[in-house]
Amino acid sequence: MSLVAVEHLTKHFAVRGPLLSRSRAAVRAVDDVSFEIERGATFALVGESGCGKTTLTRLMLGLETPTSGSIRFDGRDLATMNRRDWKGYRRQAQAVFQDPHSSLNPRLRIATILGEPIRAHGLLSGAALERRIAELLDIVGLPAGAARLYPHEFSGGQRQRIAIARALALQPAFMVLDEPVSALDVSIRAQILNLLADIQERFGLTYLVIAHDLALVEHFSDHVAVMYLGNLVETGPTAEVFARPRHPYTQALLAAVPRPDPAHRVAARLIQGEIASALAPPSGCKFHPRCPQVMPVCQTQTPLLRATGAQQRVACHLPQSET
């Protein structure tokens with residue numbers, strides 16, 4: 001059973017036209033996106049910068065309001081929630097951000113940073129709160145004495161552990177991990193990923209991972225969705241998508257991943273040009289101006305996500321036996 005279900009989600013941002021003009025345009029940041037995340041699974045969202053990943057996660061965290069479509073959490077539509085329900089949802093959905101240096105307030109001690117969400121929800125106070133803070137630090141592998149220190153007294157990896165502890169403070173069911181290791185040294189990335197995997201197994205968490213590192217996605221996620229200019233172009237189990245990518249964009253992304261095997265050979269699938277503007281996206285398939293296998297139909301008709309295997313779906317006009 002899915003914990004999170006996104007259905008036909010769309011977010012357009014209105015922008016003004018030229019000076020002294022009354023015309024308005026819209027940035028199509030997220031355009032008719034649908035997917036589900038199973039309980040206890042890790043769902044990865046990948047794509048180039050500017051494709052809409054951050055906007056999508058802001059919608060799921062309630063930081064933006066959808067233009068249309070719905071987000072359902074544990075069967076409840078976020079759009080129908082009252083103020084009390086929203087407070088409960090914010091307990092259940094937490095986030096770990098990309099940069100551990102800017103996501104922690106440098107003026108606050110770690111005890112205050114970890115205790116703030118607990119106090120805001122009126123859960124614990126006094127000695128019980130102190131014990132909970134010590135427990136959170138222990139979960140992420142830090143000593144209880146760290147509670148007395150400030151963020152600048154920790155390394156980048158330790159700060160990310162503190163950010164993870166803060167996300168766990170309210171005992172959530174769902175966590176958004178926005179590039180959780182990209183700002184860290186290579187030597188400690190595996191430690192943080194192993195910590196996140198252990199926490200997921202221990203507490204039964206559901207993860208949504210935003211990432212550019214496809215090697216990380218292959219290792220860490222159960223299901224992957226590839227996003228291009230506001231649309232999903234391919235989704236499926238990670239092992240299936242990585243073994244048999246169907247969309248030309250997915251094929252090009254995976255062909256660019258370096259492999260430590262000198263015998264590994266991948267046919268070059270070069271992508272020409274730059275990603276189009278979300279203010280004026282191309283007609284038909286949004287990827288067609290850059291696609292090495294473009295056909296006339298791609299320029300006029302928008303492909304829909306359709307099943308190509310047991311669970312894999314692809315938005316492409318190419319016969320799937322040829323991709």
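**Pockets and cavities**

Visitor: Which element gives the most to the lining of the largest pocket?
Guide: One element gives four residues to that lining. A pocket is an open set of points on a 1 Å grid over the protein atoms alone, where a 1.4 Å probe fits, with protein on both sides within 12 Å along at least five of seven lines; lining residues have an atom within 4 Å of a point. Elements are DSSP runs numbered from the N terminus: helices (H or I, at least four residues) and strands (E, at least two). The top giver is E2.

Visitor: What kind of model is this?
Guide: Residues are numbered from 1 along each chain as its sequence is written, and side-chain values use heavy atoms, with hydrogens and water left out. Local features need pLDDT of at least 70, side-chain atom pairs count only at pLDDT 80 or more, totals for chains, interfaces and linings use all residues, and the model is predicted.

Visitor: What volume does the largest pocket have?
Guide: Its lining has 21 residues, with Asp32, Asn231, Thr302, Pro303 and Leu304 nearest the centre. Strands E2 (24–38) and E10 (231–237) each give two or more of them. A volume is the space filled by probe spheres set on the points, which are joined across faces, edges and corners. Here that comes to about 460 Å³.

Visitor: How many charged residues line the second largest pocket?
Guide: This pocket has a volume of about 300 Å³. Of its 13 lining residues, Arg90, Ala93, Gln94, Ala95 and Phe97 are closest to its centre. Ala, Val, Leu, Ile, Met, Phe, Trp, Tyr, Cys and Pro count as nonpolar, Asp, Glu, Lys and Arg as charged, and the others, Gly among them, as polar. The lining splits into nine nonpolar, one polar and, for charged, three.

Visitor: How many cavities of 30 Å³ or more does the search find?
Guide: A cavity is a set of grid points where the probe fits but cannot get out. The largest has a volume of about 70 Å³. Of its 14 lining residues, Cys285, Cys291, Cys298, Cys316 and His317 are closest to its centre. Over the whole structure, the number of cavities is two.

Visitor: Which helix supplies the largest share of the lining of the second largest cavity?
Guide: About 50 Å³ of space lies in this cavity. Its lining has eight nonpolar residues, one polar and no charged. Strand E9 (223–228), helix H8 (238–243) and helix H9 (248–255) each supply at least two residues. The largest share, three residues, comes from H9.
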